[in-house]
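The following exercises introduce a reader to one protein fold. Each task is followed by a solution in steps.

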Amino acid sequence: MSVSIRLASEADAAATAAIYRPYVEESAISFEDRAPDAAEMARRMAGERPGLHPWLVAEDQGRVIGYAASSPFRTRPAYRWTVETGIYLAPDACGRGLGVGLLSALLTMLEQQGYVAAIGAIALPNDASVAVHEKLGFVHTGTYRGVGFKLGKWLDVGLWQRELTPRLDEPPEPRPFA
């Protein structure tokens, strides 16, 4: 099989929504309680600041089987050099190394854009996501205890961080990817 990784477009919104839906509806991996539809996924892909937070998709024989997304870590201006990342795969795409491939490609783009750090916020337990992040150099920096309630239980969120580019005394603004 030949899997390709490319920039996501609005045309991928329905496929990414379908991949994400089971994570929302059937697991505690996402803390959302309603799965977003294609229109909402397209809005998220476009972002509040277009061109600054890329989304990538993995495609196998014309079918989107996974995606990696970036978003602002926080909304206040001083955080703009740090991004949050996420990776979601179709069930039949798990265990093939696609999470590593997608996140690695996304990190390369984020480095080129001038971001200094990437954060992975992982609902715990999630051994597969922790393994992907640690394989790519993320380190555990803390855990929020019992901050989310889903599926009848209180859940922790672990934070993993990876440095991307050096921190400068006067950092340039992150560059658009397009």
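**Exercise 1. Locate Thr165 and describe its surroundings.**

Solution. The model examined here is a predicted one. The first step is to place the residue: Thr165 belongs to the segment that follows β7. The second step is to list its contacts. Leaving aside residues up to four places away in sequence, Thr165 touches Glu111, Gly114, Tyr115 and Val116. The third step concerns polar atoms: a polar atom of the Thr165 side chain lies 2.7 Å from the backbone oxygen of Tyr115.

**Exercise 2. Give the strand order of the sheet and determine which strands stand at its edges.**

Solution. The sheet is open and has seven strands, in the order β1-β2-β3-β4-β5-β7-β6. Its pairing is mixed. Reading the ends of this order gives the edges: β1 (3-7) and β6 (139-150) each have a single partner strand, so one side of each is left without a neighbour in the sheet. From one strand to the next, the twist averages 25°.

**Exercise 3. Describe how β2 is joined to β3, and how β6 is joined to β7.**

Solution. Begin with the general principle: strands of a sheet pair through backbone hydrogen bonds, either parallel or antiparallel.

- Step 1. Strand β2 (residues 55-60) and strand β3 (residues 63-72) run antiparallel and are joined by six bridges. Val57 stands opposite Tyr67 in β3.
- Step 2. The loop between β2 and β3 contains Gln61. Although Gln61 is not a glycine, it has a positive phi of about 50°.
- Step 3. Strands β6 and β7 also run antiparallel, with eight bridges between them. Phe149 has Trp154 in β7 as its bridge partner.
- Step 4. β6 and β7 form a hairpin, with two residues between the strands. In the turn, Leu151 has a positive phi of about 55°.

**Exercise 4. Classify the crossing of α1 and α2 and name the residues that meet.**

Solution. Two packed helices are described by the angle between their axes and the distance between the axes. For helix α1 (residues 13-25) and helix α2 (residues 38-46), the axes come within 8 Å and cross at roughly 105°. That angle makes α1 roughly perpendicular to α2, because angles of 65 to 115 degrees count as such. In the contact, Ala13, Ala14, Thr16, Ala17 and Tyr20 of α1 meet Ala38, Met41, Ala42, Arg44 and Met45 of α2. By class, these residues divide into eight nonpolar, one polar and one charged.

**Exercise 5. Place helix α4 with respect to the sheet and to helix α3.**

Solution.

- Step 1. Helix α4 (residues 127-135) lies across three strands, β4 (82-89), β5 (117-124) and β7 (153-163). Its direction is at about 160° to β5.
- Step 2. Pro125 is found in the loop between β5 and α4. The peptide bond from Leu124 to Pro125 is cis, and its omega is near 0°.
- Step 3. The axes of helix α3 (residues 98-113) and α4 come within 10 Å, crossing at roughly 45°. The two helices are therefore oblique to each other, and their crossing is right-handed.
- Step 4. On the α3 side, Gly99, Val100 and Leu103 meet Val132, His133 and Lys135 of α4. This contact has three nonpolar, two polar and one charged residues.

Technical notes. Residues are numbered from 1 along each chain as its sequence is written. This is a predicted model: local features need pLDDT of at least 70, side-chain atom pairs count only at pLDDT 80 or more; totals for chains, interfaces and linings use all residues. Side-chain values use heavy atoms; hydrogens and water are left out. Two strands pair if DSSP finds at least two bridges between them. Helices (H or I, at least four residues) and strands (E, at least two) are DSSP runs, numbered from the N terminus. Axes are lines fitted to C-alpha atoms, for helices over the stretch in contact, and angles run from 0 to 180 degrees between N-to-C directions. Contact means heavy atoms within 4.5 Å. Angles under 35 degrees count as roughly parallel, over 145 as roughly antiparallel, 65 to 115 as roughly perpendicular and the rest as oblique. A crossing is left-handed if the near helix is turned anticlockwise from the far one by less than a right angle, and right-handed if clockwise. Ala, Val, Leu, Ile, Met, Phe, Trp, Tyr, Cys and Pro count as nonpolar, Asp, Glu, Lys and Arg as charged, and the others, Gly among them, as polar. A polar contact is a pair of N or O atoms within 3.5 Å; within protein, one must be able to donate a hydrogen and the other to accept it, and residues adjacent in sequence count only if both atoms are side-chain atoms.
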